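Here is a short report for a reader who meets this structure for the first time. It is best read with the sequence and the model side by side.

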Amino acid sequence: MDELVERSDSVPRRVLGIRIRRMKDDFLIGDEDRALLIEDVAAFIFASLDGRRSTLKVAQLVAQEYGVDEEQALADVVEFLGDLTDQGIVEW
């Protein structure tokens with residue numbers, strides 16, 4: 001839970017130099033060695049990363065869009081962005 005509190009005020013942003021291709025409502029992200037297809041809720045979260053919104057604000061958008069509990073949305077957003085951070089696609 002400490003990570004949720006710590007990350008809620010952080011402003012995640014996409015890393016420069018990563019290729020992003022929008023395909024309808026999804027994203028294809030990659031570089032020379034890999035490609036990642038981001039779909040559904042994950043695509044909604046990724047599209048919300050504008051370099052100004054905090055993690056909490058993104059979670060609030062997810063909660064509103066998908067009718068889920070805000071606390072659960074925050075946990076899911078932090079987990080997803082953590083995975084993207086580990087892959088070098090997002091930075092906090």
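The report takes up salt bridges, then a pair of helices, and then a patch on the surface.

**Salt bridges**

The structure is a predicted model, and the count of salt bridges in this model comes to three. The table lists each pair with the distance between nitrogen and oxygen.

| Salt bridge | N to O distance |
|---|---|
| R13 and E91 | 3.4 Å |
| D50 and R52 | 3.5 Å |
| R53 and D50 | 3.4 Å |

Which parts of the chain does the pair R13 and E91 tie together? R13 lies in strand β1, residues 13–14, and E91 lies in strand β5, residues 90–91, so this salt bridge ties together parts that are 78 residues apart in sequence. R13 has a relative accessibility of 35% and therefore counts as partly exposed, and E91, with a relative accessible area of 36%, is partly exposed as well.

D50 forms a salt bridge with R52, and R53 in turn forms a salt bridge with D50. Because R53 has a relative accessible area of 30%, this residue is partly exposed. Salt bridges that share partners join D50, R52 and R53 into one network. Within that network, D50 counts as partly exposed at 29% relative accessibility, whereas R52, with a relative accessible area of 67%, is exposed; the cut-off that matters for R52 is 50%, since a residue over that value counts as exposed.

**Two helices**

Two packed helices are described by the angle between their axes and the distance between the axes. Helix α3 covers residues 55–66 and helix α4 covers residues 70–86, and the axes of these helices come within 8 Å and cross at roughly 120°. How are α3 and α4 set to each other, given that crossing? Angles from 65 to 115 degrees count as roughly perpendicular and those over 145 as roughly antiparallel, and α3 and α4 are therefore oblique to each other. The crossing of α3 and α4 is right-handed.

**A patch on the surface**

Which residues form a nonpolar patch on the surface? The patch is formed by M23, L28 and L37, which together have about 230 Å² of accessible area. One of these residues, L37, has its place in strand β4, which covers residues 35–38. L37 has a relative accessible area of 41% and is therefore partly exposed, and a residue needs over 30% relative accessible area to be part of such a patch.

Notes. Residues are numbered from 1 along each chain as its sequence is written. This is a predicted model: local features need pLDDT of at least 70, side-chain atom pairs count only at pLDDT 80 or more; totals for chains, interfaces and linings use all residues. Side-chain values use heavy atoms; hydrogens and water are left out. Patches are made of residues with over 30% relative accessible area and no salt bridge: like charges are joined within 9 Å, nonpolar side chains (Val, Leu, Ile, Met, Phe, Trp, Tyr) within 5 Å. Accessible areas come from the Shrake-Rupley method with a 1.4 Å probe; for residues, only the protein chains shown count as cover. A salt bridge is a side-chain nitrogen of Lys or Arg within 4 Å of a carboxyl oxygen of Asp or Glu. Helices (H or I, at least four residues) and strands (E, at least two) are DSSP runs, numbered from the N terminus. Buried means under 20% relative accessible area, exposed over 50%, partly exposed in between (1.4 Å probe, protein chains only). Axes are lines fitted to C-alpha atoms, for helices over the stretch in contact, and angles run from 0 to 180 degrees between N-to-C directions. Angles under 35 degrees count as roughly parallel, over 145 as roughly antiparallel, 65 to 115 as roughly perpendicular and the rest as oblique. A crossing is left-handed if the near helix is turned anticlockwise from the far one by less than a right angle, and right-handed if clockwise.
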